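Hi,

Here is the structure I said I would pass on. Have a look at it first, and my notes on the empty spaces follow underneath.

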Amino acid sequence: MAQAAANAQRHATLLDERLVRYAHLKPCTTAFIDTRTPGSAEKENFTIIGPGVSESPDQHVHVRLPHGFNIGGARQPPGCVNSQHSHETAEVFIVHSGTWAFKMGPDHEDGQVVLHPGDTISIPIHVFRGFENIGDAPGFLFAVLGGDDPGRVTWAPYVFENARKHGLVLLEDGSLVDTTRGETVPADKRPMPPTTEADVTRLGRLKAKDMDGCVLRHAALEGTRPGSLKGVRERPVIGDASPEEGLAAGHMSWSHGFHVRHLGVAPGDATHRHERHEEEVIMMHAGRLMVGLADGDVELGPGDVLTVPIGMARRFSNTTQEPAEAWIVRGGDHPRAPTVYS
Ligand SMILES: [Fe+2]
């Protein structure tokens with residue numbers, strides 16, 4: 001009895017530290033310099049794993065354990081815009097719900113790519129990108145950023161101008177001053193110099209029409225050969241080939257510092273117990289997935305995120321009548337095969 005109680009306690013502690021239910025996500029609506037700008041004010045930003053690139057001290061970080069990458073999210077109502085910006089590390093979006101236009105260029109002039117649920121886009125570093133919910137219902141995106149510290153965002157010049165008009169000042173240390181709440185720039189701090197046209201010229205340009213290699217449509221996953229892990233259909237999205245797992249390289253195979261797979265589990269199917277050499281983040285897309293862990297089980301539903309520690313045995317099963325789909329993110333560009341127990 002004492003052993004069972006100890007196991008249950010360990011399981012509860014693990015889930016406290018590593019499970020983020022979609023329903024319990026804590027949004028920040030003041031995360032970025034554009035959050036007072038009409039058209040962007042209703043944006044909800046989430047930092048699920050790692051510190052992300054939020055510019056607000058109000059941002060809640062759900063899981064602080066370093067993974068070598070960050071998982072975040074954005075939820076926006078129809079017509080809500082995330083302004084044009086550039087990143088120092090890889091940025092991948094996976095559409096969970098809604099219809100989204102990803103707009104390219106410092107002032108949107110390089111075209112747009114429209115994505116639907118289950119589509120993935122990887123936007124190379126040092127190009128301006130932004131996104132808008134162009135559907136008729138709220139939508140949610142998962143975002144994966146490279147590195148434990150993804151650095152700061154470089155905003156397009158027009159974003160600084162709009163922010164100033166609406167009372168927000170970005171400081172050199174990355175924090176925000178909201179003059180509409182009576183805040184002032186502290187004497188020992190300086191405003192971030194706005195991005196200049198020379199800065200824009202130094203950054204790269206990527207036109208939306210040239211981005212086929214950066215986008216993997218959900219429908220195209222079916223045409224990708226799944227790997228050898230029995231009981232699931234695991235398909236490459238981002239990362240190198242993994243001959244040990246019988247997997248080709250992902251559609252986006254340049255270095256990201258992490259790799260992404262799509263996991264499909266048919267009703268009634270299950271894997272053997274197995275363990276991984278990397279932290280394994282499971283982001284549920286559709287259906288329900290049962291994850292058996294060392295001290296208990298946990299069932300995941302759409303939008304839930306679980307990160308399973310290196311070396312802990314896990315088993316995936318689908319005990320429902322509907323297919324289960326998840327996105328898997330693991331650290332490093334070079335995937336390794338799991339150790340599988342029979
Ligand atoms: Fe971003």
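**Pockets and a cavity**

Keep in mind that this is a predicted model. I'll begin with the second largest pocket, which has a volume of about 170 Å³. Its lining is made up of Leu-15, Asp-16, Glu-17, Arg-18, Leu-19, Val-20, Arg-21, His-24, Lys-26, His-60, His-62 and Val-63. Helix 1 (2-18), strand 1 (19-20) and strand 3 (61-63) are the elements that each put two or more residues into that lining. Helix 1 has the largest share, with four residues. Sorted by class, the lining of this second largest pocket has five charged, four nonpolar and three polar residues.

Now for the largest pocket. Its volume comes out at about 270 Å³, and 16 residues line it. If you want to find it on screen, go to Glu-222, Arg-235, His-262, Gly-264 and Glu-325, which lie nearest its centre. Three strands supply at least two lining residues each: strand 16 (233-238), strand 17 (258-265) and strand 24 (324-331). Which strand gives the most to this lining? That would be strand 17, with three residues. As for the chemistry of the largest pocket, seven of the lining residues are nonpolar, five are charged and four are polar.

Then there is the enclosed space. How many cavities of 30 Å³ or more does the structure hold? Just one, and its volume is about 250 Å³. It is lined by 24 residues, and Phe-32, Asn-45, Val-53, Glu-91 and Ala-143 are the closest to its centre. The strands that each bring at least two residues to the cavity lining are strand 2 (44-49), strand 4 (69-76), strand 5 (81-86), strand 6 (91-97) and strand 11 (139-146). Strand 4 contributes the largest share, five residues. By class, the cavity lining splits into 13 nonpolar residues, ten polar ones and one charged.

In case you wonder how such spaces turn up at all: rolling a probe the size of a water molecule over the atoms shows where empty space is left.

To put the linings side by side, the charged residues number five in the largest pocket, five in the second largest pocket and one in the cavity. For a quick tour, try strand 17 for the largest pocket, helix 1 for the second largest pocket and strand 4 for the cavity.

Cheers

How values were computed. Residues numbered from 1 in each chain as written. Predicted model: local features only at pLDDT ≥ 70, side-chain atom pairs only at ≥ 80, totals over all residues. Heavy atoms only, no water. 1 Å grid on protein atoms, 1.4 Å probe; cavity = no way out; pocket = protein on both sides within 12 Å on 5 of 7 lines; lining within 4 Å. Points joined across faces, edges and corners; volume = space filled by probe spheres on them. Nonpolar A, V, L, I, M, F, W, Y, C, P; charged D, E, K, R; others polar.
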